[in-house]
Amino acid sequence: MKREVKNTVKPVRPGGTIGVCAPSGSFDLQSFRDGIVVLERMGFSIYIPDTIYSRARYLAGDDFTRGATLNRLYSDKRVDAIICARGGYGSMRVLEYLDWEMVRACAKPFVGFSDTTAILVQMVERLIPGVIHGPVVTSLAGATERTCRSLVNALAGSTDPVEMSSPVVLSNGRARGLLSGGNLATICHLAGTRFQPSFFGCILFLEDISEPPYKIDRMLTQLRMAGCFDGVKGVMAGSFENCSSGEMVHEILKEAFEEYDVPVMAGMDAGHGPDNLSLPFGTTVEMDTETGVLQFPGGE
C-alpha cells in the first residue's frame, strides 16, 4: 500500500500569488490573457515569468528552460501556488530536468491536467504534496462557474465531498486509496520508461479527449500488460470528451479492470468536459458506487 502524501502545503486563498509555468505546448496568447483575467477576478495576484513565452516548434521553449522555470517557481518564496499555462504535449520531456528534492522541500499547490499528467503522477509517486488535477490557464478562459469555484476551494485546501452529477456504476463496491491518474494517453506514453507510474494502492482517475474507443482499449491494455494497474483499489472515470460512443468506452473500462475485482465508476465531472472539477491528488479518498460520492477522510 502506498504511503499517504502528507499535506504540508499552506492553503492558498484569494490575495495569494499564483505563478504560471508552461511545461508543455506553446499557447494561444488571447486565451492565455483571458484565463489570467479569470484568476485575477478570483482575487489572486499572478506572477508570469518571461520564459514561458519562449517557443521551440510546438513547445513553450526548450526542455531545459521549461523545466528550469518550474524549478524557479518552486524555490521562489513569493509564489504561493503554481498553475500550468496549457497542456498539449511536452511535460514528459521536462521530467529529467526537475529538481525533485527541491520541489518536495518547497512543496506548494501545483495545478494542471491533460498533458501535465506526466508531472502530476510523478509528484504522487514521489510523495510530493499539493498536487491538484485541475484547469490550466487557457482552459479557464471559458470555464464554468462550477469549475472556477472548485479550483478556489482546492487551493484553499477544502476536503468537501465531491458528488458526481450523473454517476455510471460499471462495477459495484467501495474502496479507499490515494487518488492519482489523469490523462490516459499521457500515462500510456510513460509506460516502459523510467518514469512509468504504479497505481498500487490507488484510486485511479482517468480521462481523455478525442480518442476513438479502439485506442482507449489499446492504451488500457498496454498499461494492464505493463503492470501499471497491479494493486489498484478502484477506478473513477472522468469525461471522455469526443470519444465517440460513451457506452462503448464504459464497456471497455469495465472489461479492462474486471480481473482486479475493484469498484469502477464513470461520470466524474473532471477532464476536458464542460466542468473540470479540481481533484487533490496524493490524498486518501474513499469512493462508493452506491452514493456516487468521492470523500476525503484523510489518513489513518
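**Exercise 1.** In what order do the six strands form the open sheet?

*Solution.* The model is predicted: local features need pLDDT of at least 70, side-chain atom pairs count only at pLDDT 80 or more, and totals for chains, interfaces and linings use all residues. Residues are numbered from 1 along each chain as its sequence is written, and side-chain values use heavy atoms, with hydrogens and water left out.

Step 1. Strands are DSSP runs of E with at least two residues, and helices are runs of H or I with at least four, numbered from the N terminus. Two strands pair if DSSP finds at least two bridges between them.

Step 2. The order is 2-1-3-4-5-12, with mixed pairing. Strand 2 (45-47) and strand 12 (279-280) are the edges, each pairing on one side only.

Step 3. Strand 1 (residues 17-21) joins strand 2 in the parallel sense over three bridges. Tyrosine 47 of strand 2 is the bridge partner of glycine 19.

**Exercise 2.** Determine where serine 114 and leucine 127 lie, and classify their exposure.

*Solution.* Step 1. Serine 114 is in the loop between strand 4 and helix 4 (117-125). Leucine 127 is in the loop between helix 4 and strand 5 (131-133).

Step 2. Phi is near 60° for serine 114, a positive value in a residue other than glycine; leucine 127 likewise has phi near 60°.

Step 3. Buried means under 20% relative accessible area, exposed over 50%, and partly exposed in between (1.4 Å probe, protein chains only). Serine 114 is therefore buried, at 13%, whereas leucine 127 is partly exposed, at 23%.
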